[in-house]
Protein chains: 2
Amino acid sequence: MHTYAFPHPAVTTDIVIFTLQDGQLKVLLIQRAHEPYKDHWSLPGGFVEIDEDLEVAALRELQEETGVTGVYLEQLYTFGQPDRDPRERVISIAYYALVPNDSLHIRADSDAKNVGWFACHQLPVLAFDHDRIIELARNRLAAKLEYSTIALQFMPAEFTLGELQKVYETILDSTLDKRNFRKRILALDCIEQTGTSRRDGKHRPARLFRRIAPGKVEFIK
Amino acid sequence: MHTYAFPHPAVTTDIVIFTLQDGQLKVLLIQRAHEPYKDHWSLPGGFVEIDEDLEVAALRELQEETGVTGVYLEQLYTFGQPDRDPRERVISIAYYALVPNDSLHIRADSDAKNVGWFACHQLPVLAFDHDRIIELARNRLAAKLEYSTIALQFMPAEFTLGELQKVYETILDSTLDKRNFRKRILALDCIEQTGTSRRDGKHRPARLFRRIAPGKVEFIK
DNA sequence: GCAAAAGTGTTCTAGGTACACCCATGT
DNA sequence: ACATGGGTGTACCTAGAACACTTTTGC
């Protein structure tokens, strides 16, 4: 037991894990096995250990649920409405992560709970205030596309310009002009040709590109 | 005493209160009366009450230290390194506030502690990680000048375009072209002439403007 | 040969930058 | 009269938007 002279809130991290699948922006959700919000879907998350850095706690959740490491992770916002959890006062530091589709190996039912990817525009009813958290994360992600190279964090080691354009179009939910897109991206000097190309379907093979600074997200303009 | 099955961190809010004085961007600091960091300067802040919303806690600190209400307040970032406070694990949700210079009445020595405004570019040695917090707040503020009307939150009810330009120049630490500045600001449709002007010194009187939507910070571009 | 995505330049437009002089007041 | 900040317009430049055809492959 742990006692304090004045009441302390519980502190958790929740993490919005984004990926792109089937041309849709998806988030990872977990079905709750217990009350409150039993059977509702919710964001992965959990209590911050007493000697654990916040970002480390978020990375731990990410690792436990997806098995991935070394992906983009950023603090989003801290949610602390007194009644957001009916059990006790819980303050949650929300993070969001971007996971390339090809590095995914969801731990299937690691502790007998359901885990799944849901398209952002058709989410189930969510536990707590997790709908607000996802909404905010989506807005932040879309905003960052405009002024940073964050979209590259969704890409595998090698990718085509067509695939990258699809990422932008999916997140921004709009179509882009191919020539303008290529001009803009190449002018950023953040990707380079591998020299190889990939045959894929009954059409001209596409040149492959790689990131110049893989882990880095740079601001542009 | 308050007892929990597993250890809980303490949660505080710290608040970076900005104002403009003498053509300088300043922040409000408080001299600590007790250990740790006794006599060091620090940000105003304190523990979040167990049933208190985070923003309400920040507003309370703001009110206690400056007496102002109804000013711009925004959550900045949450700092939670395990060793940032030597006493116990303390997670701090940092906010920043923008206070028009004319609405200031610092409570002088409300509880026998020193309070003062310090220019951002000549801060004293600060307690905890408060130097990092202020640095981040400054960057956020400067960034927001470029894509929102946040600068208006520093202005009193009526102001001249010259005064508003000075605000931009101070925060961005650069000089701006007068004609281009006026064109840009007026095109935003966020301020309007009061119809009056103000005589002030030995030169032509300046037209006065007011905000069209005083409390609102709009995104531009 | 036809369907399907890859690849490639030019023109137009709008928004941003650079720039210099007259105006109203106090001393 | 002169010093001080207030107030105004135009020319240039550059970044973003609009736009259509040829190439390479699989079937």
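Q: Two strands are taken to pair if DSSP finds at least two bridges between them. In this predicted model, which residue of E8(B) is the bridge partner of B:Leu28?
A: Strands E3(B) and E8(B) run antiparallel and are joined by five bridges, which satisfies the requirement of at least two. Within this pairing, the partner of B:Leu28 in E8(B) is B:Trp117.

Q: Which residue in the turn of the hairpin formed by E2(B) and E3(B) has a positive phi?
A: E2(B) and E3(B) pair in the antiparallel sense over four bridges, and B:Phe18 has B:Val27 as its bridge partner in E3(B). Two residues lie between the strands of this hairpin. The turn residue with a positive phi, of about 55 degrees, is B:Asp22.

Q: Which residue in E4(B) stands opposite B:Gln31?
A: Strand E4 of chain B comprises residues 41-42 and runs antiparallel to E3(B), with two bridges joining them. In E4(B), the residue opposite B:Gln31 is B:Trp41.

Q: How many of the eight residues of strand E3 (residues 24-31) of chain B are buried?
A: A residue is buried when its relative accessible area is under 20%. Strand E3 of chain B is largely enclosed by the rest of the structure, because the number of its eight residues that are buried is six.

Q: With which residue does the side chain of B:Gln21 make a polar contact of 3.3 Å?
A: B:Gln21 belongs to strand E2 (residues 10-21) of chain B. Leaving aside residues up to four places away in sequence, B:Gln21 touches B:Asn101, B:Leu104 and B:Trp117, among others. The side-chain polar contact of 3.3 Å is made with B:Lys26.

Q: Is B:His121 buried or exposed?
A: B:His121 lies in the loop between strand E8 (115-119) and helix H2 (130-147) of chain B, and its side chain makes a polar contact of 3.5 Å with that of B:Gln24. A residue counts as exposed when its relative accessible area is over 50%. With a value of 58%, B:His121 is therefore exposed.

Q: By what turn can chain A be laid on chain B?
A: The superposition has an RMSD of 0.1 Å and a shift of 0.0 Å along the axis, with a turn of 180 degrees. The two copies are thus related as by a two-fold rotation axis. The C-alpha of A:Thr3 comes closest to this axis among the residues of chain A, at 2.0 Å. The turn asked for is 180 degrees.

Q: What share of the interface residues of chain A are also interface residues in chain B?
A: The copies meet through the same surface. This follows because the share of interface residues of chain A that are also interface residues in chain B is 100%.

Q: Which element gives the largest share of the surface near DNA strand C?
A: A polar side-chain atom of A:Arg182 lies 2.6 Å from a phosphate oxygen of DNA strand C, and one of B:Arg179 lies 3.2 Å from a base nitrogen. Two or more residues each come from helix H4 (178-187) and strand E10 (206-211) of chain A and from helix H4 (178-187) of chain B. The largest share, four residues, comes from H4(A).

Q: How many residues of the surface near DNA strand C are charged?
A: DNA strand C is surrounded by 21 residues, with A:Lys178, A:Arg207 and B:Lys202 among the closest. Of the strand's atoms within 4 Å of the protein, 43% belong to sugar or phosphate and the rest to bases. Three of the surface residues are nonpolar and five are polar, while the number that are charged is 13.

Notes
Residues numbered from 1 in each chain as written. Chains lettered and ligands numbered in written order. Predicted model: local features only at pLDDT ≥ 70, side-chain atom pairs only at ≥ 80, totals over all residues. Heavy atoms only, no water. Near = heavy atom within 4 Å. Polar contact = N/O pair within 3.5 Å; in protein donor to acceptor, adjacent residues only side chain to side chain. Nonpolar A, V, L, I, M, F, W, Y, C, P; charged D, E, K, R; others polar. Least-squares fit on C-alpha atoms with pLDDT ≥ 70 in both. Contact = heavy atoms within 4.5 Å. Buried < 20%, exposed > 50% of the residue type's maximum accessible area, 1.4 Å probe, protein only.
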